[in-house]
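Good morning, and thank you for the opportunity to speak. Please take a moment to look at the model before I begin.

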Amino acid sequence: MTDTTRKAARPVPPAAPAGPTPPTAARRPRRWRGVTPWLFLIAPLVLLIAFTYAPIVNMVAYSFTDWDGVSPELRYTGAENYAELFTRPELFEVFFVSGYYLAASVVQIAAALYFATVLSFNVRFRNFFKGVLFFPYLINGVAIGFVFLYFFQDGGTLDAILSLFGYDGDRAWLGTPASANVSLAGVSVWRYMGLNFVLFLGAIQSIPGELYEAAELDGANRWQQFRHIIAPGIRPVLSLSVILSVSGSLSVFEIPYIMTGGATGTETFVIQTVKLAFQFNKTGLASAAAVVLLLIILAVTWVQRRLVPDDKVDLV
Amino acid sequence: MTRRAVARALVYLSLVLATLVVLLPLTVVFLTSLKTSGEMADDSGALTLPDDPLNFDNYVTAFQDGRMLSAFGNTAVILVVAIGGTVLIGSMTAYAIDRFRFRFRKLVLALFLVAALVPGVTTQVATFQIVNSLGMFDSLWAPIALYMGTDIVSIYIFLQFVRSIPVSLDESARIDGANAFTVYRKVIFPLLKPAIATVVIVKGINVYNDFYIPFLYMPSEDLGVISTSLFRFKGPFGAHWETISAGAILVIVPTLVVFLFLQRFIYNGFTRGATK
């Protein structure tokens, strides 16, 4: 899909004023012609600037102050907030929690890739499996949080299942930092695998069927078909999934906030920022933290676009 | 057994396992929602069946004490206004960008593009101050404005579609004396129906499920949407898992119904919406 649109877009001369404007428009007064597009763009641009760009600019400004978010006074403190952020280990520790979610993303993408490949061939009950695997992605995050709080509870679902197999249940799965983070990261795999799966499935199905037939005639087995037809065919989607997982792993909020509130070492970067800003009224410090996170995510995106240049966001 | 048959069996085994992993936690919560507090207390384990499979008392408690009716109402208002706004704004943006060549067009495009790279959660600290200074804090307007604000995905979907509408249609309408607004209203907008369906579905699911924005911007209890109202179950119902489960199922069921009816469109919507 991306390819054809890019081709279609190419013949249009970039920003040439005399481009494909309808010839009849010349009948209309000249000054109106320049204004018309802006009439359509006023509302979107106002919203875009008010809720995306103004906050970014303000945030950078706040990050150099000691503002508490409420009082009219604010003092310019230079890079103090950034220094505090990088020198107080407990503020920086939250980044290690992201490691659990990054590791989980690897599992998630691998599983999605496997199921998408399997279900793109003829399998019985294909639509049923497709629906089941995708459905968790559509469920409300709070509901998922509660479902899995019960799942991991003492004597809850997981313990009951394990005791069926003879393991002694009664473990506090959310009791120690390591097992709590692994459990929460597992929930995030459960929740988001379906999205990757459906994206991969769509990409695989857009590969022309003749390719498989030809490969089969040449005696290629399933693995060779995957290696030489499917993998190259879904590369853009795969790289998009990787970038989404990295930025997703850095900005985890819902599941840990709902399930543990950030207790037992499960506090993530966003939970910490929300707490700093809205509980401890440290807007300045929270802004600095948010700027750091934003820069990291932009850097990751930039690196990814460098590495996979054919996956440009195709808007123009 | 041949190798091929073994491989096939393993594939089915993996699919069945995955199905169990997805369905088991949900099934257990559903079973729990049908149990009485007495059954929950006698510690019979999470996997036992409820004594009375038609015991819907917990649903009544969850629905009434959890104020789910007003939550569904608030969610519906936000859904309708925010999605209507997104459709209008997204299609207008796409029309202006695709059909006109004007100064700063590249800049406008770049502004929308870069905004897509900025995850909303990172800027909330400062967005909060703006929403607050506009007097929208703790009102339904805050989430509505924020959902309409920077929906790059829907703009992208609309752009793809506007591009596929032949310019000759615009031109013939122009020859008949239509101005830009009439072209947009009478020619472009009606032809965007498939794109609108996609945007409504993708956006609708995101808005229905969002927790972060209503949680931050609408703290008062009257303004609870389904996610924040459900979140509040954590307090009053504490360890009453039968009520919490009923609340969770109440929230999940509408999604399930919509999913079963619109399955195909939902898959298409997500492949189109996310692979930008």
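Where in chain B is Phe233(B) placed? Phe233(B) sits in the loop between helix H13 (226–232) and helix H14 (241–274) of chain B. I should say at the outset that what you see is a predicted model.

Let me remain with this residue for a moment. Is Phe233(B) buried or exposed? Its relative accessibility is 1%, and because the limit for a buried residue is under 20%, Phe233(B) counts as buried. As for its surroundings, and leaving aside neighbours within four places in sequence, Phe233(B) is in contact with Phe146(A) from chain A. On its own chain, Phe233(B) is in contact with Ala62(B), Gly66(B), Met68(B), Gly238(B), Thr243(B), Ile244(B) and Gly247(B). One further distance deserves mention: the C-alpha atom of Phe233(B) is separated by 9.2 Å from that of Asp65(B), although these positions lie 168 residues apart along the chain.

The contact with Phe146(A) leads to the interface. How many residues of chain A are in contact with chain B? There are 109 of them, and they meet 107 residues of chain B. Together the two chains bury about 9500 Å², with 78% of that area on carbon and sulfur atoms. Helix H2 (residues 30–62) of chain A supplies 20 residues, the largest share of the side of chain A that touches chain B. By class, that side of chain A has 79 nonpolar, 22 polar and eight charged residues. Between chain A and chain B, the rule finds zero salt bridges. It does find eleven residue pairs in polar contact across this interface, counting pairs with both residues at pLDDT 80 or more.

I turn next to the aromatic residues. Over all chains, the count comes to 40 aromatic pairs. One of these is formed by Phe40(A) and Phe181(B), whose ring centres are 4.8 Å apart and whose planes meet at 20°. Why is this pair called stacked? Planes under 30 degrees apart count as stacked, and the angle here is 20°, so the pair qualifies. Phe40(A) belongs to helix H2 of chain A and Phe181(B) to helix H10 (residues 180–191) of chain B, so the pair joins two chains. As to accessibility, Phe40(A) is buried, at a relative accessible area of 1%, whereas Phe181(B) is partly exposed, at 39%.

There is also an aromatic cluster with members from both chains. From chain A it takes Phe134(A), Phe135(A), Tyr137(A) and Tyr192(A), and from chain B it takes Phe259(B), Tyr267(B) and Phe270(B).

Finally, I would like to consider chain A by itself. Chain A has 15 helices and zero strands. Of its 316 residues, 51% count as buried. Among the contacts in chain A with a separation of 6 or more, 65% are between residues 24 or more positions apart.

Thr266(A) offers a local example, in the loop between helix H13 (254–259) and helix H14 (269–278) of chain A. Thr266(A) is buried, with a relative accessible area of 0%. What does the side chain of Thr266(A) reach at 2.6 Å? It reaches the backbone oxygen of Ala263(A). The same side chain makes a polar contact with the side chain of Thr260(A), at 2.7 Å. Beyond residues up to four places away in sequence, Thr266(A) touches several others, including Val97(A), Ala180(A), Leu184(A) and Ile271(A).

That concludes my presentation; thank you for your attention.

Notes: Residues numbered from 1 in each chain as written. Chains lettered and ligands numbered in written order. Predicted model: local features only at pLDDT ≥ 70, side-chain atom pairs only at ≥ 80, totals over all residues. Heavy atoms only, no water. Contact = heavy atoms within 4.5 Å. Buried area = accessible area lost by both parts, 1.4 Å probe. Salt bridge = Lys/Arg side-chain N within 4 Å of Asp/Glu carboxyl O. Polar contact = N/O pair within 3.5 Å; in protein donor to acceptor, adjacent residues only side chain to side chain. Helix = DSSP H or I, 4+ residues; strand = E, 2+ residues; numbered from the N terminus. Nonpolar A, V, L, I, M, F, W, Y, C, P; charged D, E, K, R; others polar. Phe/Tyr/Trp six-rings, centres within 6.5 Å; stacked < 30°, edge-to-face > 60°. Buried < 20%, exposed > 50% of the residue type's maximum accessible area, 1.4 Å probe, protein only.
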